[in-house]
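These are my notes on the model you sent, set out as numbered points. Please read them with the structure open.

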Amino acid sequence: MKFIERWQHASSQSLFSPQPKISGHITRLIGLTLEAVGIKVALGDCCYIQVTADRACEAEVVGFAGDKIYLMPLQSVEGLQPGAKVTPVSGKGLVPVGFGLLGRVLDGTGKALDAKGPLDVDEWVTLEGEVINPLHRQPISAPLDVGIRAINGLLTVGCGQRLGLFAGSGVGKSVLLGMMTRFTEAEITIVGLIGERGREVKEFIDHSLGEEGMARSVVIASPADDSPLMRLRAAQLTTRIAEYFRAKGKRVLLLMDSLTRYAQAQREIALAVGEPPATKGYPPSVFAKLPKLVERAGNAEKGGGSITAFYTVLTEGDDQQDPIADSARAILDGHFVLSRALAEQGHYPAIDVEASVSRVMPSVVTPEQLAMALEFKRMYSRYQQNADLISVGAYARGSDPLTDKAIEMQPVIKSYLQQTMQESLPMARSVEELSLVIAASSQVQTGQVPKMPMVNPRMDRR
């Protein structure tokens, strides 16, 4: 099959409007970047490159200098030769959306990765969604039940909130993400697995989502061995599909693992086209792209749906001042920090309630629950401040009444914060058990030594 016939076939099948322009050719390949001349294209346009006699690959225009066009390929260019033909494609790339995507697994371009046949598509749209006027967005006013006691009771999430899960490697963020996927009350779940290990894709689908969860979910997967442009597109496609369902009035849960890999993909692209590094090797464009992606989540205009988004953020060496973590913390509506020290103690989920915050919690819970959560955090924090003295026996009981109470309450506090992977604790029960903890705390304060109301670990699945 001739190259132009292959290109016409691919164009009719997938992403682009098949209106060819004058072809050019490749003049240079440096690292991830291809240089081409002889074509007139705009930033973000797509091209097909004839890699070999029987194979072509897609590429996107990521920069230019004079008459030189910089291209980033989506697939491997193994076998590419100097002077390879470049054919521009008119229009921006289009991606599929629709209710027929539920239960499917897609790659970063919107093509099916599973073996379930052709996609049932309602329409094709661009990757860039419509910008919502911030004055027209619905305010966050209703809580979202995520089925995790520590979050429901102490760090309550609101419908339309955007939160980060900050953690180093191996402290349980993927497990926590899977629990929220199964337990959260949402009509549609959109999962973006961006730049993570390839084996985690099937594990997440089989173990975290399950058959029932997958039926109301769309999974977009772009593992670590994909090109940076493919990883970047996968994150944008995840958000675009979520926006489509929000526009249909649905309550959408968006889970992206991870925001850091998205930023690293943009860093690879920016450095490849010559953008100078700024903060710890990250070019300025990275910090411009993060808020553009995150701000697309949230509530729609009045009467519309919502996107409640959770983004995992990798903190290299557990450094909370990592530039991506620091930037994400500023643009998100809250963050949950997972502690390696807690994980090493077998404390799961390893949420550090001292370092975590939900900025919309005061707007979505009752004043009574907010007061109980603050009291709980005071006791937890007071014990942590004196943990070293207590562990070596240097703290003398009676020195500080609040510390004494925190010591007495430690078994109950730890029991409240821990939860197994199979447990689902609804919002009402989480708040009820929080009130029991605070009631026991009041008895300690008045000098009575209560029988601690240990949290009942019985299963409560939805």
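1. Domain layout. The centres of domain 1 and domain 3 lie 60 Å apart, taken over C-alpha atoms. The model is a predicted one, and its chain is divided into domain 1 (24-88), domain 2 (95-364) and domain 3 (369-446).

2. Helices α3 and α4. Helix α3 covers residues 173-183 and helix α4 residues 199-214; their axes come within 9 Å and cross at roughly 45°. The pair is therefore oblique, and the crossing is right-handed. On the α3 side the contact uses S174, G178, T181 and R182, and on the α4 side E200, F204, H207, S208 and L209. By class, this contact has 2 nonpolar, 5 polar and 2 charged residues.

3. The loop before α3. G168 sits in the loop between β12 (162-167) and α3. Is G168 buried or exposed? Its relative accessible area is 4%, so G168 counts as buried, the cut-off being under 20%. G168 and E316 are 148 residues apart in sequence, yet their C-alpha atoms are 5.9 Å apart in space.

4. Helices α6 and α7. The axes of α6 and α7 come within 9 Å and cross at roughly 140°. Why is this pair called oblique? An angle has to be over 145 degrees to count as roughly antiparallel, and 65 to 115 is the range for roughly perpendicular, so a crossing of roughly 140° leaves α6 oblique to α7. The crossing is right-handed. From α6, the residues L259, Y262, A263, Q266, R267 and A270 meet S285, V286, K289, L290, L293 and V294 of α7. The contact divides into 8 nonpolar, 2 polar and 2 charged residues.

5. Helices α7 and α8. Helix α7 (residues 284-294) also packs against helix α8 (residues 323-331), with axes that come within 10 Å and cross at roughly 40°. The two are therefore oblique to each other, and their crossing is right-handed. The α7 residues in this contact are V286, F287, L290, P291 and V294, and those of α8 are P323, I324, S327 and I331. Here 8 residues are nonpolar, 1 is polar and none is charged. V286, L290 and V294 appear in the contact with α8 and also in the contact with α6.

6. Cis peptide bonds. Please look at two places in the backbone. The peptide bond from D257 to S258 is cis, with omega near 10°. S258 lies in the loop between β15 (251-257) and α6 (259-272). A cis peptide bond also joins Y348 and P349, with omega about -10°. P349 is in the loop between α9 (340-344) and β19 (357-358).

7. Y395. This residue is found in the loop between α12 (387-391) and α13 (401-417). Y395 has a relative accessibility of 15% and therefore counts as buried, since that is under 20%. Leaving out residues up to four places away in sequence, which residues does Y395 touch? They are L389, I390, D400, T403, D404 and I407.

8. Two residues of α14. L436 lies in helix α14 (residues 427-445), and so does A440. With a relative accessible area of 42%, L436 falls between the 20% and 50% cut-offs and is therefore partly exposed. A440, at 3%, is buried. The C-alpha atoms of L436 and V412 are separated by 9.6 Å, with these positions 24 residues apart along the chain count. For A440 and M409, 31 residues apart along the chain, the C-alpha separation is 8.0 Å.

9. Points to check on screen. For the helix pairs, I would start with α7, where V286, L290 and V294 face α8 residues in one contact and α6 residues in another. For the backbone, I would look at the cis bonds from D257 to S258 and between Y348 and P349. For the loops, G168 and Y395 are the buried positions listed above.

Technical notes: Residues numbered from 1 in each chain as written. Predicted model: local features only at pLDDT ≥ 70, side-chain atom pairs only at ≥ 80, totals over all residues. Heavy atoms only, no water. Domains from an automatic or database assignment. Axes fitted to C-alpha atoms, helices over the stretch in contact; angles between N-to-C directions. Helix = DSSP H or I, 4+ residues; strand = E, 2+ residues; numbered from the N terminus. Parallel < 35°, antiparallel > 145°, perpendicular 65-115°, else oblique. Left-handed = near helix turned anticlockwise from the far one by under 90°. Contact = heavy atoms within 4.5 Å. Nonpolar A, V, L, I, M, F, W, Y, C, P; charged D, E, K, R; others polar. Buried < 20%, exposed > 50% of the residue type's maximum accessible area, 1.4 Å probe, protein only.
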